[in-house]
Amino acid sequence: MAKFRKKKSGGGQQIDTSALPDIIFMLLFFFMVTTVLREQDVLVDQKIPQSTQLQKLQNKTLISYIFIGKPKNTSLYGTEPRVQANDVLISSPEIVQWVNQERDKLPEADRTSITISMKVDKEVKMGPISDVQTELRNADARKVLYASTKKTEID
Amino acid sequence: MAKSKNRMGNEINAGSMADIAFLLLIFFLVTTTIASDKGILNVLPPKQDPNVPPPDIKKNERNIFNVLINANNDLLVEGEYRRKAEGLDKDFKEFIMNFGAPDEDAVALFNSFPASLQGQAQRRPDSSDHPGEAVISIKTNRGTSYAVFLEVFDLAKKAYFDVYSERVGLTADEYRALTGDDEASKALQDKGKEGIPMAISIAEPDKVGGN
């Protein structure tokens, strides 16, 4: 006990806390820079067309995303528009399987109301889109959202 | 402890800390883009059973408003060539609200409209009979650009939303923002839609100019 008391009397000097905010802010910066809201890497071009009649979906958990566009890495995937679901480029016949996987992630009561958000690049033609829609019909995921941004009115 | 009190003068000034924090907050508020889930909703038709022939729907030609978009992104609207889609929403709206030959239900529907909507009925014999019958048909080629298709689809939706919102006395933006979550907004939504189904048909594209 004597030893301890001795130490206490000697520790009168307070720690310098002036650097503490700097440390905290450095931490804050570190986390802000490294945090990415969506870790999904989009492998295809995405210039979303604009439109006026936008609607918002109430339930975000029901949405699954599908990306269609020209691959960014053209030397690897070619220049034809491709479909990306999750992290990989898939071909049309695999869409049914993908939809079923997505559907299995939802609670049972919500499985029928799965919504596919199609994020399609402006440059894509209707051909690939219609193929995807045919597959979505086969998978019975018929609610489709054509992702779009608000058109800025010029007039 | 007495010793530390003497050193109070050395404590840092935290007065500007709030400013720094706010600056950071504002910076991140401005730069962060949260992935938005906005878009144009569409419900695809159910899968066709190959053993069952498609239902043979008899519809008068005047009840269908045809829009064809070819691989050059030219439009053919009711047989007339058009270069641009602009202004199509007016045509769509006139077509929906034409009331050329309304039946009893349609007359009752018409009477339930506010005067501003009633005034828009042109009653042309070569356009739709009543909103319940009217169908907007959009047909594309495989080579049609998605952007043009979406523009036309957007305008068709706009025509319907204009009618719905005018009927319940809201602006179109307010009407579209109705979620249907609570009873009041659901009632408004249903009141706008009642008797006017959003009949936009998207035909399977034919194989021209695509792959």
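Which residues have the most contacts inside the largest nonpolar core? I looked this up first and found A:I66, A:I68, A:M118, B:F92, B:V152 and B:A156, in a core of 58 residues. I took a nonpolar core as a set of buried Ala, Val, Leu, Ile, Met, Phe, Trp, Tyr and Cys residues joined through C-beta atoms within 7 Å. Buried means that 20 or more other C-beta atoms lie within 10 Å of a residue's own, exposed that 12 or fewer do, and partly exposed covers what is in between, with C-beta atoms placed from the backbone.

I note that this is a predicted model, in which local features need pLDDT of at least 70 and side-chain atom pairs count only at pLDDT 80 or more, while totals for chains, interfaces and linings use all residues. Residues are numbered from 1 along each chain as its sequence is written, and chains are lettered from A and ligands numbered from 1 in the order in which they are written.

**Core and helix 6**

I then asked which element gives the core its largest share, and it is helix 6 of chain B (residues 146–168), with 13 residues. Helices (H or I, at least four residues) and strands (E, at least two) are DSSP runs, numbered from the N terminus. Of the 23 residues in helix 6 of chain B, 20 are buried, and the helix reaches 33 Å from its first C-alpha to its last, close to the 33 Å expected at 1.5 Å a residue (1.5 Å times one less than the number of residues). Just after this helix, I found B:G169 with a positive phi of about 75°.

On the chain A side I followed A:M118, which, leaving out residues up to four places away in sequence, touches A:I66, A:I68, A:V144, A:L145, A:Y146 and A:A147.

**Interface**

I counted contacts (C-beta atoms, placed from the backbone, within 7 Å) and found 39 residues of chain A in contact with 41 residues of chain B. Helix 5 of chain A supplies the largest share of the chain A side, 8 residues, and that side divides into 16 nonpolar, 14 polar and 9 charged residues. Here Ala, Val, Leu, Ile, Met, Phe, Trp, Tyr, Cys and Pro count as nonpolar, Asp, Glu, Lys and Arg as charged, and the others, Gly among them, as polar.

Strand 2 of chain A and strand 1 of chain B (residues 38–43) pair in the antiparallel sense over 2 bridges, pairing requiring at least two DSSP bridges. In this region I see A:K56 standing opposite B:K38.

**Chain B overall**

I recorded 8 helices and 6 strands for chain B, with 28% of its 211 residues buried.

Terms used. Contact = placed C-beta atoms within 7 Å.
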